[in-house]
Amino acid sequence: MVDVVVVGAGFAGLVAARELTRQGHDVLVFEGRDRVGGRSFTASVAGLPADMGGTFVGPTQDAVLSLAAELHVSTIPTHRDGMNVIRWRGWARRYSGTTPKLSLTGLLDIARLRWQFERVAHAVPIATPWAARRARDLDGLSLGDWLRSVRATTSSHDLMAIMTRVTWGCEPEDVSMLHAARYVHAAGGLDRLLDVENGAQQDRFSGGTQQIAQRAAAELGDHVVLNAAVRRIHRHGAGVTITSDRGQTEAGFVIVAIPPAHRGAIEFDPPLPPEYQELAKHWPQGRLSKAFAAYSTPFWRANGLSGQALSDQGPVFITFDVSPRPDGPGILMGFVDARAFDSLPIDQRRRDALRCFAALFGDEALNPLDYTDYRWGTEEFAPGGPTAAVPPGSWTRYGPVLRKPVGPIHWAGTETADEWTGYLDGAVRSGQRAAAEVSALL
């Protein structure tokens, strides 16, 4: 018997457990995987750490930065010196800043769209987006529908599609305009969301993000139980009975700190109210993959390039320089469109990704020291990422119960956060909020 069971050892679950343990409560964390970190997973390429999941951190992400500082994990700046590259309509050119200068007409159209989008986003209340003045209209549209309604040019639409793929792991047609607007508002605006300098991609954690989770779990010791997927949560007068792959546990409360889509894998007894069951079906995870190539030196820097690039030809559509040191080795990281990529054998995935790197940075990219990739959509346990791709109609129907407790059952996870939703920072904030809810009741 414990005071609280936490389901999921990602950032949200570990933070919730850490907060409650500090207050003297007895907590157990059950994790279905054989590791902690959730959508933060640090593997390696050429023997160097490489973040297969959450990677970046930036200004105003104070919750995760404070946690990292407490656990003695430092940050390093994302390399941004030099010119960026865009591969567009069959040609490649260099540009500076966040928005590529495709043409004067294109620049004007992007500026117009950004102004209109920001205007919509700022009118959406983050905590209660379903209460926005035009909530039903916005939620009835996909982002693609909205782009057509404001007569976006083809180039502008395609640039927004790149943003959609990297942010939610989906296409503009798949995500609600209300969700897109709220998400951007929760991040502090498009500039904060998209920029490297003073934006969400400004810094990285030296040694990778997963070490934050690993150090938090080490503090909790044997109160974190791996390979313990929770199968059933039974509510009764004294609290809850949790059935996991490691047996049964009695607790006063449970914090379910997993993506909404994965709540449906747990049997709730008695069943959750209908709107909660429908929420799990209508809050799907996106799909996004990553590819890494390591070289003896970051050769693109000698050519005056930053390592940052955009491409309208896949499978790689955005790249970053994530080299650990100025003198090498050099590591290129590419975000990959999962749709055609994930089903390919590894040799074909490697060829396709390196071909994209070479089209952006030259033929030297074809001969790396090492290559690896990671496909979140193919994971056997809790697949998908980087975050929820909430479709039209979901916020106004199911948003009010996204994090509303059901008796002793409370909810956490980055999708439930009001600041930096979808990011590591949002996960930390959600864990803090859920812990405060339960602590007040304890």
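The paragraphs below describe a small sheet, the helix that lies across it, and the cavities of this predicted model.

Because the model is predicted, local features need pLDDT of at least 70 and side-chain atom pairs count only at pLDDT 80 or more, while totals for chains, interfaces and linings use all residues. Residues are numbered from 1 along each chain as its sequence is written, and side-chain values use heavy atoms, with hydrogens and water left out.

An open sheet is formed by 3 strands (DSSP runs of E, at least two residues, numbered from the N terminus) in the order β5-β9-β6, with antiparallel pairing, where two strands pair if DSSP finds at least two bridges between them. The edge strands, β5 (56-57) and β6 (75-77), each pair on one side only. Strand β9 (residues 203-205) runs antiparallel to β6 and is joined to it by 3 bridges, and D203 in β9 is the bridge partner of P77.

Across β5, β6 and β9 lies helix α2 (residues 62-70), a helix being a DSSP run of H or I of at least four residues.

Turning to the interior, the structure holds 2 cavities of 30 Å³ or more; a cavity is a set of points, on a 1 Å grid over the protein atoms alone, where a 1.4 Å probe fits but cannot get out, and lining residues have an atom within 4 Å of a point. The largest cavity contains about 40 Å³ of space, the volume being that filled by probe spheres set on the points, which are joined across faces, edges and corners. Its lining includes H179, R182, W283 and E415, and helix α7 (residues 177-187) gives the most to this lining, with 3 residues.

Conventions. Contact = heavy atoms within 4.5 Å. Axes fitted to C-alpha atoms, helices over the stretch in contact; angles between N-to-C directions. 1 Å grid on protein atoms, 1.4 Å probe; cavity = no way out; pocket = protein on both sides within 12 Å on 5 of 7 lines; lining within 4 Å.
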